[in-house]
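Trainee: Could you take one part of this chain and walk me through it slowly? I'd like to see how that part sits in the whole.

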Amino acid sequence: AIIKELKWLIDDYKKKNNVIPISEFNTRVYDIVKNSPVPFIYSILGERFNHYLIDEFQDTDSIQYAIFEKIFGEGKSTLFLIGDPKQAIYGFRGADIFTYMDAARSTPAPS
């Protein structure tokens with residue numbers, strides 16, 4: 001009962017103070033981009049730059065990667081993923097080394 005009340009208090013605080021944890025924010029962004037064509041986002045970014053770098057990619061989770069792929073992938077621009085799996089330190093907040101490894105396998109090597 002105490003845990004439920006504490007959860008309610010935290011949820012109430014977040015709602016009253018407009019607080020969104022980063023994981024919830026990422027999920028909301030993912031829901032937007034996965035269910036819609038993203039030309040409005042891409043046109044804003046894609047018209048400015050042809051290449052994108054995501055540094056410290058080893059600390060990315062699967063939802064973040066799905067967002068990056070949807071917005072910057074699909075042949076619209078060049079997406080560089082930079083990371084070192086030996087430096088992955090954010091597993092406690094959802095970073096997923098398997099996302100890094102999957103991306104490495106599915107990304108063509110530079111020519």
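Mentor: Sure, let's get our bearings before we zoom in. This is a predicted model, and from the N terminus on its elements run α-α-α-β-α-β-α. That comes to five helices and two strands. In the chain's contacts between residues at least 6 apart in sequence, 77% join residues at least 24 apart. Of the 111 residues, 23% count as buried. The accessible surface comes to about 8,300 Å², and carbon and sulfur atoms account for 61% of that area.

Now for the close look: the stretch from strand S1 to helix H4. Strand S1 covers 51-54, helix H4 covers 62-72, and the loop between them holds Glu-56. Have a look at the backbone there: Glu-56 has a positive phi of about 55 degrees, although this residue is not a glycine. Is Glu-56 buried, exposed or partly exposed? Its relative accessibility is 39%, and because partly exposed means between 20% and 50%, Glu-56 counts as partly exposed.

Follow the chain on to the start of H4 and you'll meet Asp-61. One of its side-chain oxygens reaches to within 3.0 Å of the backbone nitrogen of Ile-63. A pair of N or O atoms has to be within 3.5 Å to be a polar contact, so have that cut-off in mind when you look at this pair.

Then comes the helix itself. Which residues of H4 are buried? They are Gln-64, Tyr-65, Ala-66, Ile-67, Ile-71 and Phe-72. To be on that list, a residue needs a relative accessible area under 20%.

It helps to hold this part up against the beginning of the chain. Asn-18 is another residue that has a positive phi of about 55 degrees without being a glycine. You'll find Asn-18 in the loop between helix H1 (2-16) and helix H2 (22-34). With a relative accessible area of 72%, Asn-18 is exposed, whereas Glu-56 is partly exposed.

While you're there, peek at helix H1, where Leu-9 is found. Together with Leu-6, Trp-8 and Ile-10, Leu-9 makes a nonpolar surface patch of about 420 Å². Why can Leu-9 be part of a surface patch? Patches are made of residues with over 30% relative accessible area, and Leu-9 is at 41%, so this residue passes that cut-off and counts as partly exposed.

Technical notes: Residues are numbered from 1 along each chain as its sequence is written. This is a predicted model: local features need pLDDT of at least 70, side-chain atom pairs count only at pLDDT 80 or more; totals for chains, interfaces and linings use all residues. Side-chain values use heavy atoms; hydrogens and water are left out. Helices (H or I, at least four residues) and strands (E, at least two) are DSSP runs, numbered from the N terminus. Buried means under 20% relative accessible area, exposed over 50%, partly exposed in between (1.4 Å probe, protein chains only). A polar contact is a pair of N or O atoms within 3.5 Å; within protein, one must be able to donate a hydrogen and the other to accept it, and residues adjacent in sequence count only if both atoms are side-chain atoms. Contact means heavy atoms within 4.5 Å. Accessible areas come from the Shrake-Rupley method with a 1.4 Å probe; for residues, only the protein chains shown count as cover. Patches are made of residues with over 30% relative accessible area and no salt bridge: like charges are joined within 9 Å, nonpolar side chains (Val, Leu, Ile, Met, Phe, Trp, Tyr) within 5 Å. A salt bridge is a side-chain nitrogen of Lys or Arg within 4 Å of a carboxyl oxygen of Asp or Glu.
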